[in-house]
Amino acid sequence: DLNASEDSHLPKELVEKYTLTRVLGRGACGEVRLAFAKGSCEKFACKIISKKKFSVGGKTPVNLTSQVMGEVNILKALKHPCIIRIEDVVDTPEMLYIVLELVEGGELFDKVVAIDKYDEATGKLLFFQMATAIKYLHDQGITHRDLKPENILLATDDLETLIKVTDFGLSKFVDAGSMMKTFCGTPTYLAPEILLTAGSGTYTKAIDCWSLGVILFIMLSGYPPFSDERKDMDLPKQIMGGHFSFPKQYWSEVSDTAVDLIKQMMIVDPKKRITFADVLNHPWLKDDGMRTKAMALMYPDTDGMAPPKLPVAKRKATEGDEEPTRKRKS
Ligand SMILES: COc1ccc(CNC(=O)c2ccc3nccnc3c2)cc1
């Protein structure tokens, strides 16, 4: 729905590089439109955030803009196959335009509704990618804080597909630097909870674990663990009391190891909840066939062999170190 008047307000910096076309989705703070790069015609998703929504009485509070810019900087700093890549940002006084890689499979939420629920093997393949992506985020000192099936996008319409985590609206960028500084000096003025939670982020990291546990519950059963349809108990009470169960009627085909992992991710006490490191070591994910498939989806050109994690220390070139000569066609 091309709205000429609106488009005439698009900043030159955006229009000279991209042609914006149809609306793909509408979110709380704006909409997402299909964009084509001029020249290459490469497809992108352009997220348009109206800062007016944040402003009170016409004045956009600095902190909210910086929060949104915070999201942008968070996204720009990230590089992972299962995290939406940011292509470009155009910032103007009223609007923020974030050009993102386009994902053509739509939302996990809609997929689960369409297929009722995932079979365990496919659910495990998608869940493993999510857990890997969130573990990567946590290793960068970032917590997502708003994980839900709407924020997990699917690269293609295939059942077995690459997933992309998106919408870092509420993410917290707990930069390690501030943590180190906090613990350098004498803790004369340090509040007890800072010492208790080792600086911060611990709880919010556990929040991501809980959310992903709820997503796994929904993927394998097709319905949510907590619902406001329950008469006897309201939603907050169900959640804070951890009142959820695995009725045979919906869970009979799901393995005990899968159920065990969900239970550990949805432990009410954040200190007792499983960490992402342990999630990735859980028996349910000790499945080489699944991991091989996941690696091939995440690192396709290298048929799944992940790039070396740490830079290998430069070795002195010694005999036989040079690149093996490519086999000559016989
Ligand atoms: C042009 O062909 C297309 C085919 C399928 C779609 C469905 N995708 C979408 O509708 C969509 C929605 C929000 C997004 N947010 C960030 C990144 N990509 C997104 C993609 C969009 C376009």
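Which strands each supply at least two residues of the shell around the ligand?

**View 1. Strands around the ligand in a predicted model.** At least two residues of the shell come from each of strand 1 (18-27), strand 2 (30-37), strand 3 (43-50) and strand 5 (95-101). Strands are DSSP runs (E, at least two residues) and helices likewise (H or I, at least four), numbered from the N terminus. The shell divides into nine nonpolar residues (Ala, Val, Leu, Ile, Met, Phe, Trp, Tyr, Cys or Pro), four charged residues (Asp, Glu, Lys or Arg) and no polar ones (the others, Gly among them).

**View 2. Contacts of the ligand with Val103 and its neighbours.** Of the 13 residues around the ligand (a heavy atom within 4 Å), Leu24, Ala45, Glu101, Val103 and Glu104 come nearest. A polar backbone atom of Val103 lies 2.9 Å from a nitrogen atom of the ligand. The ligand taken alone exposes 500 Å², of which the protein buries 78% (Shrake-Rupley method, 1.4 Å probe).

**View 3. Arg33 in strand 2.** Arg33 is buried, at a relative accessible area of 1% (buried means under 20%, 1.4 Å probe, protein chains only). The side chain of Arg33 reaches the backbone oxygen of Thr21 at 3.1 Å.

**View 4. The protein as a whole.** The protein comprises 13 helices and nine strands, and buried residues make up 40% of its 330 residues.

Residues are numbered from 1 along each chain as its sequence is written. In this predicted model, local features need pLDDT of at least 70 and side-chain atom pairs pLDDT 80 or more, whereas totals for chains, interfaces and linings use all residues; side-chain values use heavy atoms, without hydrogens and water.

Note on methods: A polar contact is a pair of N or O atoms within 3.5 Å; within protein, one must be able to donate a hydrogen and the other to accept it, and residues adjacent in sequence count only if both atoms are side-chain atoms. Buried means under 20% relative accessible area, exposed over 50%, partly exposed in between (1.4 Å probe, protein chains only).
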